[in-house]
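Open the model in your viewer and keep the selection tool at hand. We will walk from a strand to its sheet, then out to helices and aromatic rings.

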Amino acid sequence: MDITEYVRHDAVGLAELVARGEVTPAELETAARAAERAVGPRINAVAETWPADDAPRPGSTPLAGVPFLVKDLGVTAAGRRTELGSRLAAGQVADGDSTLMTRLRRAGLVTFGRTTTPEMAYSTTTEPVLYGATRNPWDLSRSAGGSSGGAGAAVAAGIVPVAHATDAAGSIRIPAAYNGLFGLKPTRGRVPMGPAVDEIFNGLAVHGSVSRTVRDSAALLDLVRGPEPGDPYAAPEPPRPYAQEVTREPGPLRIGVLTRPWGGRPVAPPVAGALARTVLLLESLGHRVTEAEPGLGVDWEEFVLANARLWTVNLTAWIDELAAALGRPVDSSTLEPPTLAGYHYGRRVGGAEFVTALAVRNRVSRSLARTFEDHDVLLSPTVPDLPVPLGTHGRGAEALDGLGWLRRILDLSPFTAAFNVAGTPAMSVPLTVDSGTGLPIGMQFAAGYGHEGRLFRLAGQLERADSWSERTPAVWAGHHRSR
């Protein structure tokens, strides 16, 4: 199978070809590697490739035989490097498979490498010193988002149809929006984090994926979800597989629209226009759409401060553990300025301040839960602007302390983090593009705790009504034929 044929199919479609004996997993892997060689030097989305050691049985799962990439953070594969996008962890090799990696192997995915991430996932753009900047396939001068920017760029550029991603403040949804992809952040506790940890960043972070089609994300979540022994909590079991939800009609939904982000940052005109068009589409599909002003239960500065405390305390403990294990210093030779500033800020956070931050997490969760009593789904832009130029996040970062850096990150993506704090599912759907630049614009839909099924039903309906699958980024030109 050559590249032009390979990129015509999503992951479920490729697995069906394998199941019918029309192509082998080895042939798909060869095509994926050829795609990476063709576009990789231009976008820098893959940190490392390796010989795949998975031997899936064709037809054993809905994704058996499909080429796959894991993020260089949050998941470990035995004998493979896991560097977290950081010079501090450069060369670190995992002793064993994490629970998620075990499930990915069981799913029949052929994992042949790892995607780029900002240092320790501590940004919403992927521009680490260790790898260099990951570029957006739609416009190479712009960010691919973060912290799953490598995953987003790799899928958008056709290297793989679906890739592993994580999300602690928008790190699945922001790259999905920037790269014209579908990305769903699951409910807290839906996918296990073990066995080395029970939760990451006090439950703010989750595992998920980015994909070109809704059914690919649903199929993958079906294959990896469910608790493992020792988990501190587990999301409720869904009534049916998510792959079935994609083809079910959602029925008329009460959809609340958030037009102004928490924190007051203005929404750029192209994004505001895309939101208005989305509202019209939803109304044409029979949904009742009204303006909503969901409260966080705290003011914006209190929200930012609590996130800064939770993030930096966890970051500090993580850095200390790595430095001790690898015998490296914690300074500018191993860490970038924002990460180092977060480390020093976290060391100053007291125990009582940390507990207060956890109380804020609870207040936000309770407040949004009340909002979902009145609305089935909340709609907003995923981010308030088009994909930003590379270098935007880092401009003047040396002068920011840990709180200042988090304030910048949340100012650039003010719609996403609240649903991490609350632990509720949220997705970015690539419903439109900017007519002036051709850049993708993502719309975020969020639902109450445990209601991924509702989101998959809505996403499937939107995909059928206004499919985005024929849109391809500029980087494909000269490498992959337009699908």
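Start by selecting strand S11 (residues 377-381): five of its five residues are buried, so S11 is largely enclosed by the rest of the structure. Buried here means under 20% relative accessible area, exposed means over 50%, and partly exposed is in between (1.4 Å probe, protein chains only). Helices (H or I, at least four residues) and strands (E, at least two) are DSSP runs, numbered from the N terminus.

Before going on, a word about what you are viewing. This is a predicted model, in which local features need pLDDT of at least 70 and side-chain atom pairs count only at pLDDT 80 or more, while totals for chains, interfaces and linings use all residues. Residues are numbered from 1 along each chain as its sequence is written, and side-chain values use heavy atoms, with hydrogens and water left out.

**The neighbours of S11**

Which strand runs parallel to S11? Select strand S9 (residues 254-257), joined to S11 by three bridges; two strands pair if DSSP finds at least two bridges between them. Val-257 has Leu-379 as its bridge partner in S11. Now add strand S13 (residues 440-446), which pairs with S11 in the antiparallel sense over four bridges. There, Ser-380 is partnered by Gln-444 of S13.

**The whole sheet**

Zoom out to see an open sheet of eight strands with mixed pairing, in the order S6-S8-S7-S12-S13-S11-S9-S10. Its edge strands, each pairing on one side only, are S6 (162-167) and S10 (288-291). From one strand to the next, the twist averages 25 degrees. Next, pick S7 (residues 182-185) and S12 (residues 426-433), an antiparallel pair with three bridges. Lys-185 is opposite Ala-426 in S12.

**Helices to select**

Show helix H7 (residues 214-224), which lies across S6, S7 and S8 (206-211) and runs at about 150 degrees to S8. Axes are lines fitted to C-alpha atoms, for helices over the stretch in contact, and angles run from 0 to 180 degrees between N-to-C directions.

Then move to H10 (residues 300-326) and H11 (residues 337-348), whose axes come within 7 Å and cross at roughly 100 degrees. H10 and H11 are therefore roughly perpendicular to each other, a label for angles of 65 to 115 degrees; under 35 counts as roughly parallel, over 145 as roughly antiparallel and the rest as oblique. Contact means heavy atoms within 4.5 Å. Residues making the contact include Leu-305 and Ile-319 of H10 and Tyr-343 and Arg-347 of H11.

**Aromatic rings**

Finally, select Phe-182 and Phe-456. Their ring centres are 6.2 Å apart and their planes at 40 degrees, so the pair is tilted. Rings of Phe, Tyr and Trp (its six-membered ring) pair if their centres lie within 6.5 Å; planes under 30 degrees apart count as stacked, over 60 as edge-to-face and the rest as tilted. Phe-182 sits in S7 and Phe-456 in helix H15 (residues 452-465), 274 residues apart. Phe-182 is buried at 0% relative accessibility, and Phe-456 is buried at 1%.

For the last stop, choose Phe-201 and Trp-318, an edge-to-face pair with 6.3 Å between centres and 85 degrees between planes. Phe-201 lies in the loop between S7 and S8 and Trp-318 in H10, so the pair ties together parts 117 residues apart in sequence. Phe-201 is buried at 6%, whereas Trp-318 is partly exposed at 22%. Add Tyr-122 and Trp-311 to your selection, and you have one aromatic cluster together with Phe-201 and Trp-318.
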